[in-house]
Amino acid sequence: MAKTNPFVPVALVVEDDEMQREMVAMLLQESEMGVIQCEKAEAALDVLEKMGALLSMMFTDVNLTGHIDDIHVIVTSGRALTKDLPDGATFMPKPWMALDLLREAERSQH
């Protein structure tokens, strides 16, 4: 009998560009992750306050601010990174490749 894992990793995707947000969500869902989508930082902060301990990773545009612990943060932007990222955060410049996103998602599950 095969073992089943009752834990489904959940990603928070914060991106104001709807097409980008939907594409990221679709890719992560295909890798069997749950996905919560937010368009704005304020909504993402609400999710983090309520569910932060249950999230495996966050994929966000560079404009989200705040200090986030115990979560794999991926920051993305079509512009050069001009801010320091928190320790452990990964920067993925746009356009990024789907395989790179999925590799980072896999890293967040370990």
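Biologist: Is Glu32 buried or exposed, and how should I read such a label?

Modeller: The label depends on relative accessible area, where buried means under 20%, exposed means over 50%, and partly exposed covers what lies in between, computed with a 1.4 Å probe and with protein chains only. Glu32 has a relative accessible area of 66%, so this residue is exposed. Please keep in mind that this is a predicted model, in which local features need pLDDT of at least 70 and side-chain atom pairs count only at pLDDT 80 or more, whereas totals for chains, interfaces and linings use all residues. Residues are numbered from 1 along each chain as its sequence is written, and side-chain values use heavy atoms, with hydrogens and water left out.

Biologist: Where does Glu32 lie, and what is the sign of its phi angle?

Modeller: Glu32 sits in the loop that runs between α1 (18-30) and β2 (34-38). Its phi is positive, at about 65°, although Glu32 is not a glycine.

Biologist: How many helices and strands does the protein chain have, and how are they defined?

Modeller: Both are DSSP runs numbered from the N terminus, a helix being H or I over at least four residues and a strand being E over at least two. The protein chain holds three helices and five strands, and from the N terminus on these elements follow the order β-α-β-α-β-β-β-α. Of the 110 residues in the protein chain, 38% are buried.

Biologist: Which peptide bond is cis?

Modeller: The bond from Lys94 to Pro95 is cis, with omega near -5°. Pro95 belongs to the loop between β5 (90-93) and α3 (98-108).

Biologist: What describes a pair of aromatic rings, and how many aromatic pairs are counted here?

Modeller: Such a pair is described by the distance of the ring centres and the angle of the planes. The rule takes the rings of Phe, Tyr and Trp (for Trp, its six-membered ring) and pairs them if their centres lie within 6.5 Å, calling planes under 30 degrees apart stacked, those over 60 edge-to-face and the rest tilted. By this rule there is one aromatic pair. Its rings belong to Phe59 and Trp96, whose centres are 5.7 Å apart and whose planes stand at 75°, so the pair is edge-to-face. Phe59 lies in strand β3 (residues 57-61) and Trp96 in the loop between β5 and α3, so the contact ties together parts that are 37 residues apart in sequence. Phe59 is buried, with a relative accessible area of 1%, and Trp96 also counts as buried, at 12%.

Biologist: What lets side chains of opposite charge pair, and how many salt bridges does the rule give?

Modeller: Side chains of opposite charge can pair when their charged atoms come close. The rule asks for a side-chain nitrogen of Lys or Arg within 4 Å of a carboxyl oxygen of Asp or Glu, and the count comes to four salt bridges. One of them joins Lys94 and Asp61, at 4.0 Å from N to O, and this pair links distant parts of the chain, with Lys94 in the loop between β5 and α3 and Asp61 in strand β3, 33 residues apart. Lys94 is partly exposed at 23% relative accessibility, whereas Asp61 is buried at 13%.

Biologist: Which salt bridges involve Asp100 and Arg107?

Modeller: Asp100 pairs with Arg103, the closest N and O atoms being 3.6 Å apart, and both residues lie in helix α3, three residues apart, which is about one turn of the helix. Arg107 meets Glu104 at 2.9 Å, N to O, and these two likewise lie in helix α3, three residues apart. At 48% relative accessibility Arg107 counts as partly exposed, while Glu104 is buried at 11%.

Biologist: Which residues are joined into one network by salt bridges that share partners?

Modeller: The network consists of Glu15, Asp61 and Lys94. Glu15 lies in the loop between β1 and α1 and is buried, at 1% relative accessibility. Glu15 and Asp61 are 46 residues apart in sequence, yet their C-alpha atoms are 5.4 Å apart in space.
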